[in-house]
Amino acid sequence: MNIVAVTACATGVAHTFMAKRALEDAAAKQGYQIKVETQGATGIENELAQSEVDQADIVILAVEVGIAKRERFEKVKKIEIPISTAIRNADGLLEKIKEKLQT
């Protein structure tokens, strides 16, 4: 599975990067490709190109605030979740996504 994600929390510091790490770790364990863009106190880091978004099987928006350049995700399969879900249960989240994509 090819995944792209955006993480963004209210303050744009700790939870943004904790969610990024949790998603990357879970994807690596399950053998998935993932690229995670963070939108935090320092701005956008690891920005997703439109081609990466378009080629993804799923876009995960783990966000607690509005995000910049949201229009990139209008025409693709996506799931929007609280950032805490990505932090606490990234493995379970990816399993659920896999099941939904297979049905």
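**Buried residues and the shape of helix α3**

Tutor: In α3, the buried residues are Ile-83, Ala-86, Ala-90, Leu-93, Leu-94 and Ile-97, where buried means under 20% relative accessible area, exposed means over 50% and partly exposed lies in between (1.4 Å probe, protein chains only). This is a predicted model, in which local features need pLDDT of at least 70 and side-chain atom pairs count only at pLDDT 80 or more, while totals for chains, interfaces and linings use all residues. Residues are numbered from 1 along each chain as its sequence is written, and side-chain values use heavy atoms, with hydrogens and water left out.

Student: What covers the buried residues of α3?

Tutor: The cover includes β1 (2-8), α1 (14-30), β4 (58-63) and β5 (78-81); these elements are DSSP runs numbered from the N terminus, helices being H or I over at least four residues and strands E over at least two.

Student: What makes Ala-90 count as buried or exposed?

Tutor: Ala-90 has a relative accessible area of 6%, which is under the 20% limit, so Ala-90 is buried. Ala-90 touches Ala-22, Leu-23, Ala-26 and Thr-85, leaving out residues up to four places away in sequence, and touching here is contact, meaning heavy atoms within 4.5 Å. Ala-90 and Arg-21 are 69 residues apart in sequence, with their C-alpha atoms 9.6 Å apart in space.

Student: How do you know whether α1 and α3 are roughly parallel or roughly perpendicular?

Tutor: The two helices pack at an angle of about 10°, with their axes 8 Å apart; the axes are lines fitted to C-alpha atoms, for helices over the stretch in contact, and angles run from 0 to 180 degrees between N-to-C directions. Angles under 35 degrees count as roughly parallel, over 145 as roughly antiparallel, 65 to 115 as roughly perpendicular and the rest as oblique, so α1 is roughly parallel to α3. Among the residues of α1 that meet α3 are His-15, Ala-22 and Ala-26, and those they meet in α3 include Ile-83, Ala-90 and Leu-94.

Student: What shows whether α3 is straight or kinked?

Tutor: Helix α3 (residues 83-102) has 20 residues, yet its end C-alpha atoms are only 24 Å apart, short of the 28 Å of a straight helix, where the expected span is 1.5 Å times one less than the number of residues. A kink of about 105° is centred on Asn-89, the bend at a residue being the angle between axes fitted to the seven residues ending there and the seven starting there.

Student: Why is Gln-39 in strand β2 called buried?

Tutor: Its relative accessible area is 10%, so Gln-39 falls under the 20% cut-off and is buried. The side chain of Gln-39 also makes a polar contact with that of Glu-37 at 2.7 Å, a polar contact being a pair of N or O atoms within 3.5 Å, of which, within protein, one must be able to donate a hydrogen and the other to accept it, with residues adjacent in sequence counting only if both atoms are side-chain atoms. Thr-38, which lies in strand β2, counts as buried at 1%.

Student: What makes Lys-69 count as partly exposed?

Tutor: Lys-69, in the loop between β4 and β5, has 39% relative accessibility, so it sits between 20% and 50% and counts as partly exposed. Lys-69 also has a positive phi of about 60° although it is not a glycine.
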